[in-house]
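Visitor: I have a model open and some questions about its packing and its voids. Can you walk me through it?

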Amino acid sequence: MITALAAYLGDAPVAFGLLVAALTAFMVVGVRLSVIDRRTHRLPNGIVLPSYPAAALLLSAAGGSAGEWHRVLGMLGGAAVLWLAFGALHLLYRQGLGFGDVKLAGLLGLYLGFAGWAAVWWGPFLALLLGGAWSLVLVVTRRATLRSTVAFGPFLVAGTALALAVLP
């Protein structure tokens, strides 16, 4: 994503502005949802659901104005793949993954899919690594047990941010 951002700066200033707006929205919504999820173990529909059309519109406009329509298809595919994959995980183990996480994964799939298919796979993988590492720290320091629950939304956002920042 950073590569696209840099390329748009020189070649497509309108696309650059739209992508900056989309990434700013990602950061604002991601931080807000992370704080709420950490405190309440909830990801409110009132924040997640309106973020879908906003992200889709900004990202589509950025890709389209740069003439990179393949990013729009990637964005839609990324959202669908992550929503379906996380939906299946939710159906397999409802106590382990809430439906809010499924909806958040679909939203984050828009951003990851815009960046490319590698990001669609790396974002959730990094989220699992970060969430697993944090859970291990909590268990080792006896601040949690193996039966404790940990909000996964913050790790989904962090894994997505990390994938968007480091992948070409």
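**Burial, core and pockets**

Guide: Let's start with one residue. T160 counts as buried because its relative accessibility is 2%, under the 20% cut-off. Keep in mind that this is a predicted model.

Visitor: Which helix is T160 found in?

Guide: T160 belongs to helix α7, residues 153-166.

Visitor: And what does T160 touch, beyond its sequence neighbours?

Guide: Leaving out residues up to four places away in sequence, T160 touches F26, L108, L112 and G123.

Visitor: How many cavities of 30 Å³ or more are there?

Guide: The count is 1 cavity of 30 Å³ or more. The largest cavity holds about 40 Å³ of space.

Visitor: Which residues line the largest cavity?

Guide: T160 is one of them. The others are L82, A105, L108, L112, G123, P124, A127 and L156. Helices α5, α6 and α7 each give at least two residues to that lining.

Visitor: How does the lining of the largest cavity divide by class?

Guide: It has 7 nonpolar residues, 2 polar and no charged.

Visitor: Switching to pockets. What volume does the largest pocket have?

Guide: About 970 Å³. It is lined by 37 residues, and Q95, G96, L97, V150 and F152 are the closest to its centre. The elements giving two or more residues to this lining are α4 (70-92), α5 (99-115) and α6 (117-140).

Visitor: Which element gives the most to the lining of the largest pocket?

Guide: That is α6, with 9 residues. By class, the lining of the largest pocket has 21 nonpolar, 11 polar and 5 charged residues.

Visitor: What about the second largest pocket? How much space lies in it?

Guide: About 200 Å³. Its lining includes R38, H41, W134, R143 and F155. V150 also lines the second largest pocket, and V150 is among the residues closest to the centre of the largest pocket.

Visitor: Which helices supply at least two residues each to the lining of the second largest pocket?

Guide: Both α6 and α7 do. The class split for this lining is 7 nonpolar, 3 polar and 2 charged.

Visitor: You listed H41. Where does H41 sit relative to α2, and what is its phi?

Guide: H41 comes just after α2 and takes a positive phi of about 60°.

Visitor: Stay on α2. What span does it reach?

Guide: α2 has 28 residues and reaches 40 Å from first C-alpha to last. That is close to the 40 Å expected at 1.5 Å a residue.

Visitor: Which residues of α2 are buried?

Guide: A15, L19, A22, L23, F26, V29, G30, L33, S34 and D37. F26 came up earlier, as a contact of T160.

Visitor: Now the core. How many residues has the largest nonpolar core?

Guide: It has 44 residues. Those with the most contacts inside it are L19, L59, F86, L104, L107, L110 and Y111. Helices α1 (2-11), α2 (13-40), α3 (45-65), α4, α5, α6 and α7 each supply at least two residues of this core. The largest share is 10 residues, from α5.

Visitor: Any general background on that?

Guide: In soluble globular proteins, nonpolar side chains tend to be buried together.

Visitor: Last one. What is L107 in contact with?

Guide: With neighbours within four places in sequence set aside, L107 is in contact with V29, V48, S51, Y52 and A55. V29 is also one of the buried residues of α2.

Technical notes:
Residues are numbered from 1 along each chain as its sequence is written. This is a predicted model: local features need pLDDT of at least 70, side-chain atom pairs count only at pLDDT 80 or more; totals for chains, interfaces and linings use all residues. Side-chain values use heavy atoms; hydrogens and water are left out. Helices (H or I, at least four residues) and strands (E, at least two) are DSSP runs, numbered from the N terminus. Buried means under 20% relative accessible area, exposed over 50%, partly exposed in between (1.4 Å probe, protein chains only). Contact means heavy atoms within 4.5 Å. On a 1 Å grid over the protein atoms alone, a cavity is a set of points where a 1.4 Å probe fits but cannot get out, and a pocket is an open set with protein on both sides within 12 Å along at least five of seven lines; lining residues have an atom within 4 Å of a point. Grid points are joined across faces, edges and corners, and a volume is the space filled by probe spheres set on the points. Ala, Val, Leu, Ile, Met, Phe, Trp, Tyr, Cys and Pro count as nonpolar, Asp, Glu, Lys and Arg as charged, and the others, Gly among them, as polar. A nonpolar core is a set of buried Ala, Val, Leu, Ile, Met, Phe, Trp, Tyr and Cys residues joined through side-chain atoms within 4.5 Å. The expected span of a helix is 1.5 Å times one less than its number of residues.
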